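Open the model in your viewer and keep a selection box ready. The stops below say what to select next and what is there.

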Amino acid sequence: MEDGKALYIEGSNVGLDHSHGNLWDYFGCNYEDDGEIYAITKIYGINETFAAVAKFDFPYDDNADYLVDEFTAEEGTLFLKCQEQIGRAVFYDNENYRTIVSAISLGALHDGENTSSKTNLMARYLSFLTYDSAPHLWVSENEIDFTTQYLGYPTSKYLTLQNTGFETLEITAIEFEGTTFSIATEDEYRLRWGQQVDIEITFPAENLGVFTEEITIYTDDTENEIITIPLVVECIEPDFTFGDVNGDGSITVYDASLTLQNFANLIEFENWQLIAADVDGNGVIQSYDASLILQFAVGLIIEFPVD
């Protein structure tokens, strides 16, 4: 390591296994404890580190969660913690070498999406360990497809931009020319290692038709100096009935049941179902919507607040 190399070590018992010596001096950290039996449900990136936006579910009460070691930082930096705010991973940038030690096995994490995916996190690890000095732009989508939307029902999506490189990424311009969509963004951004920005893109659903426009992003990432993201949508007339969530032409107790299941995150709805189930018109699906649909189905009410 003294010759400018790097070292990555992971394992739930890596601290305990090497607790009788000075190994952790080379990692800028302290091994504190062997951890508890079955104690971890969530793993979070720590603020102001390259992993700040990461969040993973962890296999609680499984083999990977058995006596997971606890670490604190000395000259290194804690970057992963569990839901109990206990440090689980440290990176260290010595003048001569770089290290990462993690009591959390990457393979045990439940894979998430975008900046909370294992692939994304490993890209940040490798940028640090391989001394890659260049910034790297990562984008969450190569195309923003709004699919089919309904006239009079605006909707929004987010485009995430992140720097997975070790050096600061300069986003020098974000250009958008069009009248169909609206975009909430700054003209320029400076993103540190692991830092991200979410750009909100809104389709106001004011006109019928098929629409295609583009966002162009300019950066100092030599591999992604200019990135173009297409925006696509089709807007049609509404063809659903409020309360008829399964689209069978009638409003029944089953529609109320489906709405309640969606509210409890047991099932997912298509876009038209999200609108049809929002019978109080507040823009979100709640148990109150299910209650209103049930009342309509049994004849206690004859119209919805949204009608």
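Begin with an aromatic cluster: select Tyr 8, Phe 50, Phe 79, Phe 91, Tyr 125, Phe 128, Phe 166 and Trp 193, which together form one cluster. Bear in mind throughout that this is a predicted model.

Keep one member of that cluster, Phe 79, and add Ile 43 and Phe 71. The largest nonpolar core has 34 residues, and these three touch the most other members of it. Next, colour the elements that feed this core: E2, E6, E7, E8 and helix H2 (118–129) each supply at least two of its residues. H2 gives the largest share, four residues. As background, nonpolar side chains in soluble globular proteins tend to be buried together.

Now centre on Ile 43 and show its surroundings. Leaving out residues up to four places away in sequence, Ile 43 touches Ala 54, Lys 55, Phe 56, Phe 58, Leu 80, Lys 81, Cys 82, Ile 104 and Leu 109. Is this the whole of the nonpolar interior, or what else is there to select? A second, separate core holds 25 residues, including Phe 211, Ile 215, Ile 227 and Ile 229.

Go back to the strands and select E7, residues 87–93. How many of its seven residues are buried? Six of the seven are, and the strand is mostly covered. On one side, strand E6 (residues 77–82) runs antiparallel to E7 and is joined to it by four bridges. To find the register, pick Lys 81, whose bridge partner in E7 is Gly 87. E6 and E7 make a hairpin with four residues between them. In that turn, select Gln 85, which has a positive phi of about 65°.

E7 also pairs with strand E8 (residues 98–102), again antiparallel, through five bridges. Here the residue to pick is Ala 89, with Ser 102 as its bridge partner in E8. Four residues link E7 to E8 in a hairpin.

Next come ring pairs. The model has 25 aromatic pairs. One of them is Trp 24 with Phe 27, an edge-to-face pair at 5.2 Å centre to centre and 65° between the planes. Trp 24 is buried because its relative accessible area, 6%, is under the 20% limit. Phe 27 is buried as well, at 0%. Another edge-to-face pair is Tyr 31 with Phe 71, where the centres are 6.2 Å apart and the planes meet at 65°. Tyr 31 lies in strand E2 (residues 29–33) and Phe 71 in strand E5 (residues 70–73), so this pair ties together parts that are 40 residues apart in sequence. Both residues are buried.

Two further rings have a charged side chain over them. Select Tyr 131 and Arg 98: Arg 98 lies over the face of the ring, at 4.3 Å from its centre. Then select Phe 146 and Lys 157, where the charged end of Lys 157 sits over the ring, 5.9 Å from the centre.

Finish at helix H4 (residues 271–277) and select Gln 273 within it. Is Gln 273 buried or exposed? Gln 273 counts as buried because its relative accessible area of 13% falls under 20%. Setting aside residues up to four places away in sequence, Gln 273 touches Val 245 and Glu 268.

How values were computed
Residues numbered from 1 in each chain as written. Predicted model: local features only at pLDDT ≥ 70, side-chain atom pairs only at ≥ 80, totals over all residues. Heavy atoms only, no water. Buried < 20%, exposed > 50% of the residue type's maximum accessible area, 1.4 Å probe, protein only. Contact = heavy atoms within 4.5 Å. Phe/Tyr/Trp six-rings, centres within 6.5 Å; stacked < 30°, edge-to-face > 60°. Lys NZ or Arg CZ within 6 Å of the ring centre and 35° of its normal. Pairing = 2+ DSSP bridges. Core = buried A, V, L, I, M, F, W, Y, C linked by side-chain atoms within 4.5 Å.
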